[in-house]
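Hi,

Here is the structure we talked about. Please load it, then read the notes below.

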Protein chains: 2
Amino acid sequence: MKYGQGWEPKPVDWSSTRGRILLAASVLFAQRGYFGTSTRDIAEAVQIRQPSLFHHFQAKHEIFRALVELDLGPSIDRMNQRFEEQSSWAEKLHLSIAYDVREILVQPFDARGLYQDAVLALEHFESERQGIALFHDQVERVIEAGRQSGEFVALDPSFVQRAINGVLFETLREQGGPAGPMRHERPLQAADFVVRSLLVDQSRLAAIRAATGTRLHQLEPAAST
Amino acid sequence: MKYGQGWEPKPVDWSSTRGRILLAASVLFAQRGYFGTSTRDIAEAVQIRQPSLFHHFQAKHEIFRALVELDLGPSIDRMNQRFEEQSSWAEKLHLSIAYDVREILVQPFDARGLYQDAVLALEHFESERQGIALFHDQVERVIEAGRQSGEFVALDPSFVQRAINGVLFETLREQGGPAGPMRHERPLQAADFVVRSLLVDQSRLAAIRAATGTRLHQLEPAAST
DNA sequence: GTCTATACGGGGATAGAC
DNA sequence: GTCTATCCCCGTATAGAC
């Protein structure tokens, strides 16, 4: 299993040819989808000839895979960090959502084209499907634990996990990818929206929000490097 | 403008060849995406030869367009009905969400492949994009009105509209299309999740939920015909 | 309304020179 | 590491017989 246990993708030099291929491909995947993007399109965007792509990646699907790793790996890693912290489940969940939203809005590549069922269903992406499932499990575990501790109302964890997913993804769609204008309030709004719906005692939200704000400030975005 | 003003798509005889093409195509679009589905695939699923498709639809994108109309048209129409009713904004929103979730889970075709930005960006789908924008406007109007009346907390209507979208869509993904096992509690759960997060006075939720339950029972699913 | 035959463009990927 | 040339498959769509 590739994902989990502190695994992180190697950092990418975004100015290298390989990095520029990844950036351009992510934008095209987001705009036209994986199947709607040809290797010729990608090559043209990077200003190289189409066969030169295959020097950097063995196949088209390896470009896609690299992008999923870059997005998903750190996300799983962050969630593992939340588990190790001493904080309430509501705080963990709130910080996770806000952090994920900020990272996805700030990172240099466009993640909108990456989590399409139709693409991930391809045979090549078995380990990516596993990674996604792992991430979903992590989220569900927080929801479930929060419910058992009495912090959250009783709601199907799998439903909540999917709702969070939907909120996260739509926030990215709204921004129109990393190129779009950053809505700086979105990370906290998204986290508030979900946690407000889950909390038994809603008067705690203000304090939780404040804690997340402080932590987010400390944890500088890694992606801007 | 095709959508709006009481417009509704013509009913489909799902046992006709045309209907079977629509059903099969919707499933394939959901599983492999629009670009990942060939007209050969569709024809094979319907047990006819590939060129015979073109007797029923002028082009591949006309099949897709017909499916979007079948899903989106009734949805817009239902929202218009909510506007004409005498009820609070919270009730309108709650009923809309629950109703939409139920319909999307119950209708015979699979809507999961229909709202992909990469596909809708194609030139052919201008009127579909307009229809989707119209629906989003309707939702935002309810959010905005509810906030002004003091029923809802202050949250960016466009953010909330997207969150609702995400929840709706993820609920469908969870079920795995119309073929999957229906979670009968999902319509009310989804509506609860959103409205709970929006309501200023959360003690109203139980009453709102009860009202939606009654109305939903009266409004039999149209799609099962 | 469905078929066979076929046109024609575009797709991913490889070979091999520089 | 990038190029040109090229292979070969698969895609949508049309023509025209039955």
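Start with one pair across the protein–protein contact: Asp156(B) and Arg186(A) form a salt bridge, with their closest N and O atoms 2.9 Å apart. Keep in mind that this is a predicted model.

The interface of chain A and chain B holds six salt bridges by the rule used. Polar contacts link 16 residue pairs between the two chains, counting pairs with both residues at pLDDT 80 or more. On the chain A side, α1 (17-32), α6 (117-120), α8 (157-175) and α9 (186-198) each supply at least two residues. The largest share comes from α8(A), with eleven residues. By type, that side of chain A splits into 14 nonpolar, eleven polar and ten charged residues.

Now the extent of the contact. Chain A contributes 35 residues and chain B 36 residues. The buried area between them is about 3000 Å², and carbon and sulfur atoms give 54% of that. In chain A, the residues that lose the most area to chain B are Phe159(A), Arg162(A) and Phe193(A), together 24% of what that side buries.

Next, DNA strand C. It has 16 residues around it, and Thr39(A), Gln50(A), Arg49(B), Ser52(B) and His56(B) come nearest. These 16 divide into five nonpolar, eight polar and three charged. Of the strand's atoms within 4 Å of the protein, 60% belong to sugar or phosphate and the rest to bases.

Three phosphate contacts to check:
- Arg49(B): polar backbone atom, 2.6 Å from a phosphate oxygen of DNA strand C.
- Lys60(A): polar backbone atom, 3.0 Å from a phosphate oxygen of the strand.
- Thr17(B): polar side-chain atom, 3.5 Å from a phosphate oxygen of the strand.

Two elements give two or more residues to this surface: α2 (39-46) of chain A and α3 (53-56) of chain B.

Best wishes

Technical notes:
Residues are numbered from 1 along each chain as its sequence is written. Chains are lettered from A and ligands numbered from 1 in the order in which they are written. This is a predicted model: local features need pLDDT of at least 70, side-chain atom pairs count only at pLDDT 80 or more; totals for chains, interfaces and linings use all residues. Side-chain values use heavy atoms; hydrogens and water are left out. A residue is near a molecule or strand if one of its heavy atoms lies within 4 Å of it. A polar contact is a pair of N or O atoms within 3.5 Å; within protein, one must be able to donate a hydrogen and the other to accept it, and residues adjacent in sequence count only if both atoms are side-chain atoms. Helices (H or I, at least four residues) and strands (E, at least two) are DSSP runs, numbered from the N terminus. Ala, Val, Leu, Ile, Met, Phe, Trp, Tyr, Cys and Pro count as nonpolar, Asp, Glu, Lys and Arg as charged, and the others, Gly among them, as polar. Contact means heavy atoms within 4.5 Å. Buried area is the accessible area (1.4 Å probe) that two parts lose on being put together, summed over both. A salt bridge is a side-chain nitrogen of Lys or Arg within 4 Å of a carboxyl oxygen of Asp or Glu.
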